[in-house]
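Hi,

Here is the structure I promised to pass on. Have a look, and my notes follow underneath.

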Amino acid sequence: MDIMPVFGTVVGGSNPSECTSKFHMKQETENLIDNSKIPLYVTRVTETLEKAGFEAFLVGGCVRDLILEREPKDWDITTNATPEEIMPLFEKTIYENKFGTVGICLPIEDVTHVTSDIDSGSVTHVTAESKYHIIEVTPYRTEAKYSDFRHPDIVNFSKNIEDDLKRRDFTINALAYNPNKGQIIDLYKGQDDIKDKVIRAVGNPNDRFQEDALRMLRAIRFGVQLDFAMSYDTMQAIVNNSALIKNISFERIRDEFTKIIESPNPVIGIGMLQKLGLLKYIIPELEEGIGCEQKGSHIYDVWEHLLHALDHAAKKEWSLEVRLAALFHDIGKPRSRRVGTKKEYTFYGHEVIGERITKQIMERLKYPKKTAELVTKLVRGHMFFSDTETITLSAVRRVVANVGKEHIWDLMNVRECDRVGMKKKETPYRLRKYHAMIEEVLRDPISVGQLAINGKYMMEVLHMKPGPRMGWILSALLEEVLDDPKKNTKEHLGELVKSLDMLEDDELKTLGDRGKEKKEELEKEEIEKLHKKHGV
Ligand code: ATP
Ligand code: MG
């Protein structure tokens, strides 16, 4: 296999089964966990369980993250108590699943009191009684048989933390920590793997992936999130078992896929998905780009170009939608490639084919409708014409209208990914000019619409008759307000209307015309400022 060069460090052979089944209990002096990083509402739960005579440990991702000095996303606690024993110890709990997980609801207000005692009031006071921290407490569970490669047939509780750690996916996720005693339970050398930055399955990786095939995606996901390498055995086991991913629901696949895309290294993630044989079951359309040469101004094949585009979106920390659109923007190219008259390749209409493929992918992965629509629109819109020498403002207006005002900058970002992904830069001047044109399209024009009163108000409240006098008055009011925006209130303008309405027609018309001129002058100034801002 030529997987080694793609993934950089591949870590060889230590055999997880060599790990002793005795606890490697590490005492406070040895562990690197800083208890002050654990919120009081979490330790309150472990303490309550312990005071009632049970064992309680923080477990899984939160322990890993504490050691890595990353902020844990959620706090999971495991215990030898059963759900029936856990629930009476806390005022409010939720228990609505078959895995034994009890949600402990601790009012945020209550906790705020405790923390503000210590922090001398630095915590903002939250009064809403309905707000809770929810901490999940799960009894120790044993590994069970998985007939369908994804759900354990039955869930068995255990009295041993060892059983619970054994069923976890990776060594770095199979750590338990008791904050009270400062004790880490590490049966599979998870701390060493954290230090060495390695993802390694607990026990035999083939067995682990056959129990739950989603773990193959999770292995890649943790690798790219944490910037860890993968042990050779674990990687080889993914190659052996990749087809089992077909048993996993696309919702679960999507959640892991999204985390890969949102990580700092999505390109490594997509590369691994492909090399380890998973991508063809998830987004086979992407593989059509492998070896699809483009020639002309393109130095990469379609696949590599898409990965470079995604890389740029990740470096810029752009949204999930922009990242996905960068990854898919040319996905229609392989199916639209033709040989042109000068023997070059053409890809006419690839954005339309790409739009259709993207829609299918987003539906397959069960993304929410809003996300799917935006990504699809960005793919469809990425080919907009942007030659600022010849482009008109109304063409820019159409581009903005197609993608929607709120997403025009997303589209510009996808365009940037496209350009950077082929090692090209939009000439800075043209780009700046295009940006200035977009801003010009987006800005609200100066108009009588900005006034605190309108024609309807003048007729209904100030009892004016409709006619040209009303238009002149509004223009005159606009001039006043442009000079001094503080005057833009119903009261002030109402009084002004009354005095203006005493003028003769020709006097009023002169005032109105002056207002209009002033408005036009200011409009021009604003656009000039805008051009100056963009240096065009
Ligand atoms: P994150 O920071 O994304 O929440 P995490 O490690 O906490 O990462 P979760 O999906 O929240 O991951 O799962 C919590 C823990 O439960 C994991 O650390 C792992 O020990 C265990 N776990 C979760 N999913 C699986 C699985 N499919 N197979 C085995 N163990 C799992
Ligand atoms: Mg978690």
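Which side chain has an N or O atom 3.0 Å from an oxygen atom of ligand 1? That is Arg218. Taken alone, ligand 1 exposes 590 Å², and the protein buries 82% of that (Shrake-Rupley areas with a 1.4 Å probe).

Before going on, the small print: this is a predicted model, where local features need pLDDT of at least 70 and side-chain atom pairs count only at pLDDT 80 or more, while totals for chains, interfaces and linings use all residues. Residues are numbered from 1 along each chain as its sequence is written, chains are lettered from A and ligands numbered from 1 in the order in which they are written, and side-chain values use heavy atoms, with hydrogens and water left out.

Back to ligand 1. Two other arginines have polar side-chain atoms by the ligand: Arg64 at 2.8 Å from an oxygen atom, and Arg215 at 2.7 Å from a nitrogen atom (a polar contact is a pair of N or O atoms within 3.5 Å). In total 16 residues surround the ligand, and Lys73, Asp212 and Arg221 are among the closest (a heavy atom within 4 Å counts). The shell divides into twelve charged residues, three polar and one nonpolar. Its largest share, four residues, comes from α9; α3 (61–67) and α9 (214–226) each supply at least two (helices are DSSP runs of H or I, at least four residues).

Elsewhere, His329 lies in the loop between α16 (320–328) and α17 (333–336). His329 counts as buried because its relative accessibility is 0% (the cut-off is under 20%).

Cheers

Methods:
Polar contact = N/O pair within 3.5 Å; in protein donor to acceptor, adjacent residues only side chain to side chain. Nonpolar A, V, L, I, M, F, W, Y, C, P; charged D, E, K, R; others polar. Buried < 20%, exposed > 50% of the residue type's maximum accessible area, 1.4 Å probe, protein only.
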